Amino acid sequence: GVQKLRMGCGYYSFPRALDGVLILATNVSELELKGVGGKAKKATHGAWLESIAAPYAVFTNSGFNVTIASLQGGVIPIDTWSLVREQLSEDGTSFYENRETQALLMKSYALSDLRADIDNFDAIFLAGGHGALGDFSSSKDLAEILTNAYYGGVVIGGVSHGLVALCHAEDKYGSASLVQGLRVTGSTTSEEKQMGYSEEVSVETQLKKRGAKFVHTSTNFDEPFVVTDEVGVGYVVSGQNAASSKKTAEKVVELVKKHNAAIQERMEMEKKAQEAAKAEAKERAVAARNSRRSTASCTACPT
């Protein structure tokens with residue numbers, strides 16, 4: 001958790017401990033997606049296990065408490081293709097075979113129940129999977145939360161389709177897209193075409209429409225590719241695909257520690273400045289008191 005103090009027109013985070021990462025996943029498994037030929041077709045997907053399991057392992061191993069949530073709460077459907085042995089990493093296998101972590105997918109927190117405490121998280125991680133195109137892409141509440149998180153010092157991370165959530169987030173003035181000018185990645189037009197879907201489905205197309213500087217690797221699905229934008233007010237770490245999940249989460253941890261260290265340093269500098277100001281004020285008070293005593297003494301002296 002972190003303590004938030006308002007300074008000027010923004011927020012600065014004063015960290016107490018590394019204990020807050022929110023992993024957000026989709027509730028959607030059945031949706032309609034436009035095919036390459038332009039015709040909509042029904043698809044069964046959900047969340048991609050690796051994009052939850054790998055970050056969960058990275059964050060817990062780094063000393064964070066991890067909360068797994070979804071927009072509606074309850075069951076997070078897992079894309080069955082992500083459970084194929086060739087798709088499962090060691091983290092994915094461990095997560096899915098463990099009853100305790102498996103239960104986190106059955107009884108996820110509802111985002112609305114956590115909204116009041118969003119500032120207490122050090123980072124928000126947007127899990128991937130085509131299902132996110134069904135709810136992340138249309139949630140105004142999630143968009144508002146991401147805007148507030150970005151300007152509030154919460155590191156935003158995510159992979160693949162989860163990054164579609166950024167598309168409707170606005171800047172703090174509400175005059176432009178939050179991603180305008182940001183370097184980001186996500187599911188590409190090439191990857192969607194390989195899956196039989198239209199390029200309109202891709203996060204690439206949607207982010208570019210909103211002015212993002214979209215970058216990606218030419219290799220589909222299997223090559224980890226992570227992009228970090230920390231030039232602006234906040235931090236955004238994006239991974240192109242599920243294979244990028246672990247490296248994206250590791251970068252999120254790095255930025256959280258960097259951010260918290262900078263805030264801690266600022267706190268210490270402000271504390272020293274306050275102590276110096278108090279000492280100076282005390283010296284002035286003592287000098288003034290001595291001056292008054294000296295004046296009074298001289299006045300009492302016989303002439």
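Contact here means heavy atoms within 4.5 Å. With that in hand, Thr26 is a handy place to start in this predicted model. Setting aside neighbours within four places in sequence, Thr26 is in contact with Gly46, Ala47, Ser70, Ile76, Pro77, Gly131, Ala132, Asp135 and Phe136. The residue sits in the loop between β3 and β4, and its relative accessibility is just 1%, so Thr26 counts as buried. Two of those partners also turn up in polar contacts or short distances to the Thr26 side chain. The side chain reaches the backbone oxygen of Gly131 at 3.1 Å, while a polar contact of 2.9 Å links the side chains of Thr26 and Asp135.

Stepping back to the whole chain, the protein has 303 residues, of which 48% count as buried. Nine helices and 13 strands make up its secondary structure elements. Much of the contact map is long-range: if one takes contacts between residues at least 6 apart in sequence, 72% of them join residues at least 24 apart.

Next, the helix packing. Two packed helices are described by the angle between their axes and the distance between the axes. Helix α1 (residues 50-61) packs against helix α2 (residues 90-97) at about 95 degrees, and the axes are 8 Å apart. That angle makes α1 roughly perpendicular to α2, since 65 to 115 degrees is the range that earns the label. On the α1 side the contact involves Glu50, Ile52, Ala53, Ala54, Tyr56 and Ala57, and these meet Asp91, Gly92 and Phe95 of α2. Sorted by class, the α1 with α2 contact holds six nonpolar residues, one polar and two charged. Ala57, one of the α1 residues here, has a relative accessibility of 15% and therefore counts as buried. Between the C-alpha atoms of Ala57 and Ser94 the distance in space is 9.3 Å, although the two residues are 37 apart in sequence.

Helix α2 has a second partner. It packs with helix α3 (residues 99-106) at about 80 degrees, with the axes 5 Å apart, and α2 and α3 are therefore roughly perpendicular to each other as well. Here Ser94, Phe95, Tyr96 and Glu97 of α2 meet Arg99, Thr101, Gln102 and Leu105 of α3. The class split for α2 with α3 is three nonpolar, three polar and two charged. Phe95 appears in both sets, facing α1 residues in one and α3 residues in the other.

On to the nonpolar interior. The largest nonpolar core has 43 residues, and the members that touch the most others are Ile124, Phe136, Leu146 and Leu207. At least two residues of this core come from each of β3 (21-25), β4 (30-34), α4 (111-114), β8 (123-126), α5 (132-135), α6 (140-151) and α8 (203-209). The top contributor is α6, with seven residues. Apart from this core lies another, of 29 residues, which includes Ile76, Phe125, Ala127 and Val253. Two names link back to the opening: Phe136 of the 43-residue core and Ile76 of the 29-residue core are both in contact with Thr26. As for Leu207, its contacts beyond four places in sequence are Leu163, Leu166, Cys167, Val179, Val184, Thr185, Ala212 and Phe214.

Val201 is another buried loop residue, with a relative accessible area of 7%, and its loop runs between α7 (189-194) and α8. Leaving out neighbours within four places, Val201 is in contact with Leu33, Lys34, Leu133, Glu192 and Gln206. The pairing with Leu33 spans 168 residues in sequence, yet the C-alpha atoms are 7.0 Å apart in space.

Finally, a couple of backbone oddities. Most residues other than glycine have a negative phi. Ser160 has a positive value instead, near 50 degrees. Its place is in the loop between β9 (155-159) and β10 (183-184), and at 8% relative accessibility Ser160 counts as buried. Phe221 also has a positive phi, near 70 degrees, and lies in the loop between β11 (213-214) and β12 (226-229). Unlike buried Ser160, Phe221 counts as partly exposed, with 30% relative accessibility.

Methods: Residues are numbered from 1 along each chain as its sequence is written. Side-chain values use heavy atoms; hydrogens and water are left out. Axes are lines fitted to C-alpha atoms, for helices over the stretch in contact, and angles run from 0 to 180 degrees between N-to-C directions. Helices (H or I, at least four residues) and strands (E, at least two) are DSSP runs, numbered from the N terminus. Angles under 35 degrees count as roughly parallel, over 145 as roughly antiparallel, 65 to 115 as roughly perpendicular and the rest as oblique. Ala, Val, Leu, Ile, Met, Phe, Trp, Tyr, Cys and Pro count as nonpolar, Asp, Glu, Lys and Arg as charged, and the others, Gly among them, as polar. A nonpolar core is a set of buried Ala, Val, Leu, Ile, Met, Phe, Trp, Tyr and Cys residues joined through side-chain atoms within 4.5 Å. Buried means under 20% relative accessible area, exposed over 50%, partly exposed in between (1.4 Å probe, protein chains only). A polar contact is a pair of N or O atoms within 3.5 Å; within protein, one must be able to donate a hydrogen and the other to accept it, and residues adjacent in sequence count only if both atoms are side-chain atoms.
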